[in-house]
Amino acid sequence: MAISLLNPKAEVARAAQALAINISAAKGIQDVMKTNLGPKGTMKMLVSGSGDLKITKDGNILLHEMQIQHPTASLIARASTAQDDMTGDGTTSTVLLIGELLKQADIYIAEGLHPRILSEGFAEAKDKALEILDSIKIDIEINKENLLDVCRTSLRTKVHHNLADVLTEVCVEAVLAIRPKDNKPVDLHMVELMQMRHKTEGDTTLVKGLVLDHGSRHPDMPKRLENCYILTCNVSLEYEKSEVNSGFFYKTAEERDKMVLAEREFIDNRVKKVIALKKQVCDGTNKTFVLINQKGIDPMSLDQLAKEGIIALRRAKRRNMERLALACGGTAMNTFDDLSEASLGYAGVVYEHVLGENKYTFVEQCKNPQSVTILMKGPNKHSLEQIKDAIRDGLRAINNAIEDKAVIPGAGAFEIIANRELLKWKDTVKGKTRLGVVAYAEALLVIPKTLATNSGFDVQDTIVKLQEESQNNPEPIGLDLSSGEPNNPKDVGIFENYIVKKQIVNSCSVIASNLLLVDEIMRAGMSSLKG
């Protein structure tokens, strides 16, 4: 008891009490998340202290935004959000499975079974479950049809299915556009997500090019150009102070004017070089010219460019410059000394769209864009946030499928098969450890059970039907959420990511075992602060 002598205010929970605390926390967080699982799951409305609304059923966002007081519950929440960071999906399933493993364990521990034996059973069952997972995975060709299925399955659990179908199409097109030809990994940062508070969620579209969130800065510049050469550069076209502190002395006003002109000439020469290049490549053709600069362009320079019919954008974001070069081709120039046609990119059309006080510039119809923009539209802030989170998950689901080159039948099919196989296999396990395997097999059923509950079907009825069908049918059997009958997920295109399932099986067993083996919880008191 040395610790309580050091800090008499410390709270200590021992053996059975510590376990009860952990199990009740896991059940508690499981009950909160249960209703969100699957396409028929319900929404949660989170209201912040300042009254900001967030309506979502994405487990990851709920766990990030909810303030969880209980230490065990927050441990489970962190583990689940780590699952999302790794694979982009599976947070709600992770919480449910950890909660259910501890619920099943509680039954055996109440009968006197030692937690260590259970956790050994969990470890053996986990290895077997991973073998079963490998045996039912389906290798796929990387084509649009297969990726649509995976992405649709993921998105329908996050947003309304009509919106999910629109976003699925957009996400798959985006990933296929930026996917390198030589099977290198896809860089999802090359998909720019742009928000416009405009129209409705269903108007979200994919722009095969870029959307910049600012417009040209001169009223006389054209609002729309077609067949555009695009010059991306990082060169200052404005009058700047010198780096070192310098002053100049003059005796007469003429001298001062000369000095000002000399400084101005320095910028003018740069602008003239751009105009000369424009004349060289565009005169006598139907081509036009757009200048996008990362640094500033002052009013006099803008004036000269406007006279030549050039759209000029200043202070573009750095990441947009990188994307521009990928979308339109060409190279970003840091000096105007050796400008040539080879350094220019190309876009079919560049136009400005004004929305309220905001201007957007669209760069579209690029030849083979390796960077694209998803233009998210929605009437208000929380619907845009919801779309943004859904798109992020959709892109990750597609990327996982491309990397795994395999998928798993969804709709609870893996859990039903794993339950059946583990219960068969437990007869080969020696000693009390088999009780851990049985507990694990039962816990897996929480996924199809919850899917049934959320869709309004009777749980026992549904599970019995699924298990009977699975006994008689070698194919994977899942739950049809609209009728409550067993179906084959392959036929209706419900597929999940292999890596997500693998991660869930791995992480849940480890965390549940760790929580079972805790036999003392010490919480330091506040005495050190009160002095």
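This passage describes the sheets, helices and selected residues of a predicted model. Residues are numbered from 1 along each chain as its sequence is written, and side-chain values use heavy atoms, with hydrogens and water left out. Because the model is predicted, local features need pLDDT of at least 70 and side-chain atom pairs count only at pLDDT 80 or more, whereas totals for chains, interfaces and linings use all residues.

Helices (H or I, at least four residues) and strands (E, at least two) are DSSP runs, numbered from the N terminus. Two strands are taken to pair if DSSP finds at least two bridges between them. Strands of a sheet pair through backbone hydrogen bonds, either parallel or antiparallel.

An open sheet of six strands, with mixed pairing, follows the order E7-E12-E11-E8-E9-E10. Its edges are formed by E7 and by strand E10 (311–313), each of which pairs on one side only. From one strand to the next, the twist averages 35°; axes are lines fitted to C-alpha atoms, for helices over the stretch in contact, and angles run from 0 to 180 degrees between N-to-C directions. Three bridges connect E9 and E10 in the parallel sense, and Ile292 has Leu313 in E10 as its bridge partner. Helix H9 (residues 253–282) packs on this sheet, where it touches E8 and E9 (contact means heavy atoms within 4.5 Å). The direction of H9 makes about 150° with that of E9.

A second open sheet, again of mixed pairing, consists of three strands in the order E5-E13-E6. Strand E5 (191–197) and strand E6 (205–207) stand at the edges with a single partner strand each, so one side of each is left without a neighbour in the sheet. The twist in this sheet averages 25° from one strand to the next. E6 runs antiparallel to strand E13 (residues 372–378), to which three bridges join it, and Val207 stands opposite Thr373 in E13. Helix H8 (residues 161–178) packs on the sheet and touches E5, E6 and E13. Its direction makes about 165° with that of E13.

Further pairing involves strand E14 (residues 406–409). With strand E4 (residues 138–139), E14 pairs in the antiparallel sense over two bridges, and Ala406 in E14 is the bridge partner of Asp139. E14 is also joined by three bridges to strand E17 (residues 495–497), again in an antiparallel arrangement. There, Val407 stands opposite Asn497 in E17.

Helix H11 (residues 318–328) has Asn320, Met321, Arg323, Leu324, Ala327 and Cys328 as its buried residues, where buried means under 20% relative accessible area, exposed over 50%, and partly exposed in between (1.4 Å probe, protein chains only). These residues cover an arc of only 170° around the axis, which puts them on the same side of H11; the arc is that of the directions from the helix axis to the C-beta atoms. The strands against which the buried residues of H11 pack are E5, E7 (210–212), E8 (224–233), E9 (288–293), E11 (345–355) and E12 (358–364). Just after H11, Gly329 takes a positive phi of about 85°.

Ser119 lies in helix H6 (residues 115–136) and, at 5% relative accessibility, counts as buried. Its side chain reaches the backbone oxygen of Arg116 at 3.0 Å. Leaving aside neighbours within four places in sequence, Ser119 is in contact with Ser513 and Leu517.

The structure holds zero disulfides, a disulfide being a pair of cysteine sulfur atoms within 2.5 Å. For Cys151, which is in no disulfide, the nearest cysteine sulfur is that of Cys171, 4.7 Å away. Cys151 counts as buried at 0% relative accessibility. Cys171 is likewise in no disulfide, and Cys171 is buried with a relative accessible area of 0%.

His160 lies in the loop between helix H7 (144–156) and H8. With a relative accessible area of 48%, His160 is partly exposed. His160 and Lys40 are 120 residues apart in sequence, and their C-alpha atoms are 9.1 Å apart in space.

Notes: Polar contact = N/O pair within 3.5 Å; in protein donor to acceptor, adjacent residues only side chain to side chain.
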